[in-house]
Amino acid sequence: MPVSTSEEESPLDPRGSSTDALNLCHDVTIRQGPHGLKMAPSHAFRCCKRALNWTPVLFINLVIGWSYYAYVVELCVYTIPNDAERISYLVVFHLFFAMFIWSYWKTIWSKPASPSVAFALPSADKELYEREQRAEVQQEILKRVARSLPVYTRTAGGAIRYCDFCQVIKPDRCHHCSTCEMCVLKMDHHCPWVNNCVGFSNYKFFVLFLTYAALYCAVICATVMQYFIKFWTKELHDTHAKFHILFLFFVAALFFISVMSLLGYHLWLVGKNRTTIEAFRAPVFPNGPDKNGFSLGFRRNVAEVFGDRAKNWIFPVFSSQGDGHSFVTRLVHIDPEQVNTVLQQNGKIPSDGENSLSVEGNTEDSRKEKSDGDQTVVVMVDGKP
């Protein structure tokens, strides 16, 4: 499954508005205006592009629809002679089919989560930023605003990550998707097969979609194989079902191999607490890039995506931890006064409330941090994107 990623900062541009080297495909075409200003594509072009973006989804659904017909009608109804075998196959098939479709459509229709208004520049600072032409002065404005936000990652050049399109300071792990034309929290990639950005709001659904797609194909291969062999060796007479069964086995096997490779990669990412973007380029912290900056140990990494209740893991219901705006990291020392200011501004604690820091101290990683004098802090901002 080819994927495309985001428009991201350039190490040569402190404003962080140039196109990222990870833009593999599906970027929005942007024309150059008469004064060097970027102009949005025409309305007709955008409508045509959005319609074409649904082509891969339509193709996948046609394949799924045909596979359902081939299995239920051509195999179970016309080919399998034994009623007990037919019923057992249908029950198992529909179980995995239902979970596959459920997780697939949850991935498609889950709206990508975007940064809250807390990350937008205040009107006075925004006016100063837009009037200012010098990049270094713009950075000073962004740094001043970012002091009150839980933002600790930087561009490759050490600048505050700011999106000129969405006009927000990017939260950690947030990137701008040029296909969706918005900043996406904890963006992993833009997937053409679901015509949606895969990020904080639906990453669990995407992993489950891959899991159930692999299981769906595995069930088809396992149950069709004996009849595939019988048709192939001429043990069964040629009927109208022969083509469907032979082709169904080949298609299911090919999809199983391709989906399993992608599923294995994303399970590895979950275990490492990385996104696809971070796997290609390590996130940059004030003390430099670190590919394991968000890794908290395997168990906690899995819980961050699937939640801490194992009974919810197999269902495509949202159970990921956090709000998508801030993440636990071992690499940042946070001033408690700064955190209180952020929490007060976002209504998480009253103005005279007590410190609401959450210090992690149970895992091997956190024990190591404690011995080094570090402190792990969770900062929650407005949970409604």
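## A buried salt-bridge network

Glutamate 278 has a relative accessibility of 6% and therefore counts as buried, the cut-off being under 20%. The model described here is a predicted one. The side chain of glutamate 278 forms a salt bridge with that of arginine 173, at 2.9 Å from N to O. This pair joins distant parts of the chain: arginine 173 sits in the loop between β4 (168–169) and β5 (175–177), glutamate 278 sits in helix α8 (residues 276–280), and 105 residues separate them. Arginine 173 is buried as well, at 3% relative accessibility.

Arginine 173 also meets the side chain of glutamate 304 in a salt bridge, with an N to O distance of 3.4 Å. Because arginine 173 is in the loop between β4 and β5 while glutamate 304 is in helix α9, the pair ties together parts that lie 131 residues apart in sequence. Arginine 173 and glutamate 304 are both buried. Through shared partners, salt bridges connect Arg173, Lys186, Glu278 and Glu304 into one network. In total, the structure contains eight salt bridges.

## Lysine 186 and its surroundings

Where does lysine 186 lie? Its place is the loop between β6 (182–184) and β7 (189–191). With a relative accessible area of 9%, under the 20% limit, lysine 186 counts as buried.

Apart from neighbours within four places in sequence, lysine 186 has contacts with a set of residues that includes two of its network partners, Arg173 and Glu304. Others in contact with lysine 186 are Cys174, Val198, Gly199, Phe200, Asn273, Thr275, Val305, Gly324 and Phe327.

## Helix α9

Glutamate 304 belongs to a helix that is mostly covered: in α9 (residues 298–306), seven of the nine residues are buried. These are Arg300, Asn301, Val302, Ala303, Glu304, Val305 and Phe306. The buried residues of α9 pack against two other helices, α6 (203–232) and α7 (241–272). Just after α9 comes glycine 307, which takes a positive phi of about 95°.

## A salt bridge within helix α4

Helix α4 (residues 123–131) holds both arginine 131 and glutamate 127, which are four residues apart, about one turn of the helix. An α-helix has 3.6 residues a turn, so residues three or four places apart point the same way. The side chains of arginine 131 and glutamate 127 meet in a salt bridge of 2.8 Å, N to O.

Buried or exposed: which applies to arginine 131? Arginine 131 is exposed, at a relative accessible area of 53%. Its partner glutamate 127 is partly exposed, with a relative accessible area of 47%.

## Helix packing

Two packed helices are described by the angle between their axes and the distance between the axes. For α4 and helix α5 (residues 135–146), the axes come within 9 Å and cross at roughly 160°. The angle is over 145 degrees, so α4 runs roughly antiparallel to α5. Their crossing is left-handed. On the α4 side, the residues that meet α5 are Asp125, Leu128 and Tyr129; on the α5 side they are Gln138, Ile141, Leu142, Arg144 and Val145. By class, the contact of α4 with α5 comprises five nonpolar, one polar and two charged residues.

Helix α2 (residues 55–77) packs with α6 at an angle of about 35°, and the axes are 12 Å apart. The crossing of α2 and α6 is also left-handed. From α2, the residues Ile64, Ser67, Tyr68, Tyr71 and Leu75 meet Tyr216, Ile220, Thr223, Val224 and Tyr227 of α6. The contact of α2 with α6 has eight nonpolar residues, two polar and no charged.

## Positive phi outside glycine

Asparagine 273, one of the contacts of lysine 186, has a phi near 55°, a positive value in a residue other than glycine. Asparagine 273 lies in the loop between α7 and α8. Its relative accessible area is 4%, so asparagine 273 is buried.

Glutamine 167 is another residue other than glycine with a positive phi, here near 60°. Glutamine 167 is placed in the loop between β3 (162–163) and β4. At 28% relative accessibility, glutamine 167 counts as partly exposed.

Notes. Residues numbered from 1 in each chain as written. Predicted model: local features only at pLDDT ≥ 70, side-chain atom pairs only at ≥ 80, totals over all residues. Heavy atoms only, no water. Buried < 20%, exposed > 50% of the residue type's maximum accessible area, 1.4 Å probe, protein only. Contact = heavy atoms within 4.5 Å. Axes fitted to C-alpha atoms, helices over the stretch in contact; angles between N-to-C directions. Parallel < 35°, antiparallel > 145°, perpendicular 65-115°, else oblique. Left-handed = near helix turned anticlockwise from the far one by under 90°. Nonpolar A, V, L, I, M, F, W, Y, C, P; charged D, E, K, R; others polar.
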